[in-house]
Amino acid sequence: MSRHVAVVGAGPAGLAAAAAALRAGARVTLLDAAEEPGGQYHRMLPAAFAATRPERLHHGWRGFDRMRRHVLGHPRCDWWPESAVWSLERSAPGDPRPPRVHALRGPADGGRRERHVLAPDALVLAPGAHDRVLPFPGWELPGVFTAGAAQALAKGERLAVGDDVVVAGTGPFLLPVAAALLDAGSRVAEVLEANPPATVLRGWAGRPWELAPHHGKAGELAAYGALLARHRVPYRLGRAVVEARGDGRVEEVVTARLRADWSVVPGTARTVAVDALCVSHGFTPQLELPVAAGCALRRVSAAESYVQVDGDQLTSVPRVYAAGEITGIAGAPAARAEGLLAGWLAAGGSPAAPESHRARLRRDQGRAFAARLAAAHPVGAGWPGWLRPDTVVCRCEETSYATLCDAAGDPAGGAARTVKLGTRAGLGPCQARVCGPTVAELLARRAAGTPGHPVEGLAPATPHHRPIAQPIRLGELAAPPHPPTQTPNQHEEENP
């Protein structure tokens, strides 16, 4: 009998995993919280408002569309849109089966979501990542958006977040965000890359053969440059937004020139009038489900952890594979390659098959490109210099920078967990998804510079295992779930 593979996430990695698992002969259940597949990279308009020429909005649209149609129309694929995986139930010790998948099907704001349980033979996790935003004075004002949220509204709803917008932060993601805003009707005043030209050029210099497989990226970059030039949008390197101001909402931003370590160059501040600000300082992987499954993580820094996988994308948990941004921020091409490899092997495909070899090659090329990208667009160590004592660090609980520093400096209670409980930083509705990496990094910096400070302050920003990974209503929790969806051979074994 064919294997049953559950794939969580229908972005580039998840969709590729589903396609590869189907090719290997498996039965696939593909789950995603959105109405349509594609993730953030190929976010689609609702069917009622679909664009007549989506290729204008998406790079690689034709290839994505072919894969989407193949997967969703395949007789062995069950597509579950608007489905939230709220829990992963681990198997008993010694049981080789992967965790059971508990999902809610239905609109997130609906009142009658149905509980379902999947008992797959293998599980592929590809939940993706979200924007990381460093705090600065005024970042909590209405009208300040993450770049990903602004792009989602522009691409998925055709809504412009403002008429006069500044896009700021670091990384090439700023360019497609600016393009989406221009297409939605916004006037983009400027795009600000925080790293100076020397840092960006140094990151891309050397080993040109590593860039050969990615020659298409040069065309993308040229297209974005031409678009910004056509709309007369300046692209400034070595400059960042260090403050947002306004009465009730953002009305102006203060930008300043930065040194290589992101410390502010005195006397370079200037003010720009805006009604919206879009900011992104990289990405944070969504680790709630891998942690719930018991997957081991690899620590990159005090603010970064990713799922640890082997050469086959297998995690530390038997029959649980991971692909995409949760294994490392490497972009859509690398995510697709990881998904192809994970889906093929999860379905029982041969590790020595040509499909596996090609996927590994593309994955390794994508990871090499991602390393160059990270070197060209790092987060500088001097960004805490932007903060003032009253700057909000945790938006949910309104914890200020001064409050966090005072709690961390207490010799009797400066451990990371004690600081978290004492200041409530990270305990609000977002459960540290936004402020977690920032708080971890600030505590680590303070611990490193304070003799005798408890070593717990150096703990990485790793989410705790929570039985409930996503919000669920009490009525939904109390309602009986549908019978588990199992493979035929499992059903025969449990019901002889």
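Which residue in strand 7 is the bridge partner of valine 7? It is valine 124. That pair is a good way into this predicted model, since it sits between two strands of a parallel sheet.

## Overall make-up

The protein has 14 helices and 23 strands. It counts 496 residues, and buried residues make up 51% of them. Contacts between residues at least 6 apart in sequence were also sorted by separation: 66% of them join residues at least 24 apart.

## The sheet around strand 7

Five strands form an open sheet in the order 3-2-1-7-20, with parallel pairing. Strand 3 (77–80) and strand 20 stand at the edges. Each has a single partner strand, so one side of each is left without a neighbour in the sheet. From one strand to the next, the twist averages 15°.

The pairings can be followed across the sheet. Strand 1 and strand 2 (residues 27–31) run parallel and are joined by 5 bridges. Here valine 8 has leucine 31 of strand 2 as its bridge partner. Strand 1 (residues 4–8) also pairs with strand 7, in the parallel sense, over 4 bridges. Strand 7 in turn pairs with strand 20 (residues 320–322) over 3 bridges, again in the parallel sense. In that pairing, leucine 123 has valine 320 of strand 20 as its bridge partner.

Side chains in a regular strand alternate between the two faces of the sheet. Strand 7 (residues 122–125) is covered on both faces. Ala122 and Val124 lie on one side, Leu123 and Leu125 on the other, and all are buried. Helix 8 (residues 332–346) lies across strand 1, strand 7 and strand 20. Helix 8 runs at about 170° to strand 7.

## The sheet around strand 10

A further open sheet has 5 strands in the order 9-16-10-11-12, and its pairing is parallel. The edge strands are strand 9 (144–146) and strand 12 (235–237), and each pairs on one side only. The twist here averages 20° from one strand to the next.

Strand 10 (residues 164–169) pairs with strand 16 (residues 276–280) in the parallel sense, over 5 bridges. Alanine 168 has valine 279 of strand 16 as its bridge partner. Helix 3 (residues 147–156) packs on this sheet and touches strand 9 and strand 16. The direction of helix 3 makes about 85° with that of strand 9.

The bridge partners named for the two sheets are set out below.

| Residue | Bridge partner | Strand of the partner |
|---|---|---|
| Valine 7 | Valine 124 | Strand 7 |
| Valine 8 | Leucine 31 | Strand 2 |
| Leucine 123 | Valine 320 | Strand 20 |
| Alanine 168 | Valine 279 | Strand 16 |

## A cavity

Rolling a probe the size of a water molecule over the atoms shows where empty space is left. The structure holds 1 cavity of 30 Å³ or more. About 30 Å³ of space lies in the largest cavity. Its lining is made of Ala168, Gly169, Ala240, Val241, Val279 and His281. Strand 10 and strand 13 (239–245) are the elements that give two or more residues to this lining. The lining divides into 4 nonpolar residues, 2 polar and no charged. Two of the lining residues, Ala168 and Val279, are the bridge partners already met between strand 10 and strand 16.

## Two loops with positive phi

Most residues other than glycine have a negative phi. Arginine 232 has a positive one, near 55°. Arginine 232 lies in the loop between helix 6 (215–230) and strand 12. With a relative accessible area of 76%, arginine 232 is exposed, because the cut-off for that class is over 50%.

Alanine 432 also has a positive phi, near 70°. This residue is found in the loop between helix 11 (416–423) and helix 12 (436–449). Alanine 432 counts as partly exposed, because its relative accessibility of 21% falls between the 20% and 50% limits.

## A contact from helix 12

Which residues does arginine 446 touch, leaving aside those up to four places away in sequence? They are Cys405, Ala408 and Gly409. Arginine 446 lies in helix 12. Arginine 446 and cysteine 405 are 41 residues apart along the chain, yet their C-alpha atoms are separated by 8.0 Å. At 34% relative accessibility, arginine 446 counts as partly exposed.

Key: Residues are numbered from 1 along each chain as its sequence is written. This is a predicted model: local features need pLDDT of at least 70, side-chain atom pairs count only at pLDDT 80 or more; totals for chains, interfaces and linings use all residues. Side-chain values use heavy atoms; hydrogens and water are left out. Two strands pair if DSSP finds at least two bridges between them. Axes are lines fitted to C-alpha atoms, for helices over the stretch in contact, and angles run from 0 to 180 degrees between N-to-C directions. Contact means heavy atoms within 4.5 Å. On a 1 Å grid over the protein atoms alone, a cavity is a set of points where a 1.4 Å probe fits but cannot get out, and a pocket is an open set with protein on both sides within 12 Å along at least five of seven lines; lining residues have an atom within 4 Å of a point. Grid points are joined across faces, edges and corners, and a volume is the space filled by probe spheres set on the points. Ala, Val, Leu, Ile, Met, Phe, Trp, Tyr, Cys and Pro count as nonpolar, Asp, Glu, Lys and Arg as charged, and the others, Gly among them, as polar. Buried means under 20% relative accessible area, exposed over 50%, partly exposed in between (1.4 Å probe, protein chains only).
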